[in-house]
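Me: I'm new to this one and would like a close look at a single part. Could you pick one strand, walk me through it, and then show me what lies around it?

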Amino acid sequence: MRIVDKPWGHEEIWAESGRYAGKFLIIRKGEMLSRQFHERKEETICVLEGVLTLELGRGPDVVHRLTPGQSWHVTPGTVHRFCAPEGDVRLVEVSTPELDDVVRLDDKYVR
């Protein structure tokens with residue numbers, strides 16, 4: 001397993017091949033990922049612990065509250081952001097292998 005520190009928490013990459021990737025994301029309370037989209041990467045997430053706020057769109061236009069056991073599929077081009085306003089969140093993500101395919105539109109960490 002490979003651990004990648006992030007300003008919002010960290011990723012635990014447990015599978016990485018030329019055809020797919022799998023990782024756990026741990027988002028600390030009050031933190032959020034960048035508002036982003038992927039040009040090629042397709043991913044599905046499932047919340048394991050905590051309550052995830054999923055923002056969709058540039059505004060955001062739509063906000064979903066996902067609890068443990070709930071999942072969401074993100075297709076290429078979908079603008080999204082993962083947030084943990086209520087407490088720490090742990091989720092699993094399975095995706096196509098393009099882990100560096102991130103187009104950031106807004107990022108509180110100025111990356």
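Reply: Let's start with strand 3, where Ala21, Lys23, Leu25 and Ile27 point one way while Gly22, Phe24 and Ile26 point the other way, and all of them are buried. Buried here means under 20% relative accessible area, exposed means over 50%, and partly exposed is in between, using a 1.4 Å probe and protein chains only. In a regular strand, side chains alternate between the two faces of the sheet. Strand 3 covers residues 21–27, and 7 of its 7 residues are buried.

A quick word on what you're looking at: this is a predicted model, in which local features need pLDDT of at least 70 and side-chain atom pairs count only at pLDDT 80 or more, while totals for chains, interfaces and linings use all residues. Residues are numbered from 1 along each chain as its sequence is written, and side-chain values use heavy atoms, with hydrogens and water left out. Strands are DSSP runs of E with at least two residues (helices are runs of H or I with at least four), numbered from the N terminus.

Now for the partners of strand 3. Two strands pair if DSSP finds at least two bridges between them. Strand 2 (residues 9–16) runs antiparallel to strand 3, and 7 bridges join them. With 4 residues between them, strand 2 and strand 3 form a hairpin. To find one pairing by eye, go to Glu11, whose bridge partner in strand 3 is Leu25. Strand 3 is also joined to strand 10 (residues 89–95), again by 7 bridges and again antiparallel. There, Phe24 stands opposite Val92 of strand 10.

Glu11 also leads you on to strand 1, since Val4 stands opposite Glu11 in strand 2. Strand 1 and strand 2 run antiparallel with 5 bridges, and they make a hairpin with 2 residues between them. Just ahead of strand 1 (2–6) sits Met1, in the segment before it. Met1 counts as exposed because its relative accessibility is 70%. Together with Ile3, Trp14 and Val94, Met1 makes a nonpolar surface patch of about 460 Å². Patches are made of residues with over 30% relative accessible area and no salt bridge; nonpolar side chains (Val, Leu, Ile, Met, Phe, Trp, Tyr) are joined within 5 Å and like charges within 9 Å. The areas come from the Shrake-Rupley method with a 1.4 Å probe, and for residues only the protein chains shown count as cover. A salt bridge, in turn, is a side-chain nitrogen of Lys or Arg within 4 Å of a carboxyl oxygen of Asp or Glu.

Next, look at Asp88, in the loop between strand 9 (80–83) and strand 10. Asp88 is exposed, because its relative accessible area is 51%. Its contacts (heavy atoms within 4.5 Å) take you back to strand 3: leaving out residues up to four places away in sequence, Asp88 touches Ile27, Arg28, Lys29, Glu49 and Gly50. The side chain of Asp88 also reaches the backbone nitrogen of Lys29 at 2.8 Å. That is a polar contact, meaning a pair of N or O atoms within 3.5 Å; within protein, one must be able to donate a hydrogen and the other to accept it, and residues adjacent in sequence count only if both atoms are side-chain atoms.

From that loop, step into strand 9 and you'll find Arg81. Arg81 counts as buried because its relative accessibility is 6%. Its side chain makes a polar contact with the side chain of Asp106 at 2.8 Å, and the side chain of Arg81 also reaches the backbone oxygen of Leu33 at 3.1 Å. Among the residues in contact with Arg81, beyond its neighbours within four places in sequence, are Ser34, Arg35 and Thr53.

Ser34 brings us to Gln36, since their side chains make a polar contact at 3.1 Å. Gln36 lies in strand 4 (residues 35–37) and counts as buried, because its relative accessibility is 9%.

Two oddities to finish with. Most residues other than glycine have a negative phi, and most peptide bonds are trans. Yet the peptide bond from Gly59 to Pro60 is cis, with omega near 0°; Pro60 is in the loop between strand 6 and strand 7. And Val110, although not a glycine, has a positive phi of about 50°. You'll find Val110 in the segment after strand 11 (103–106).
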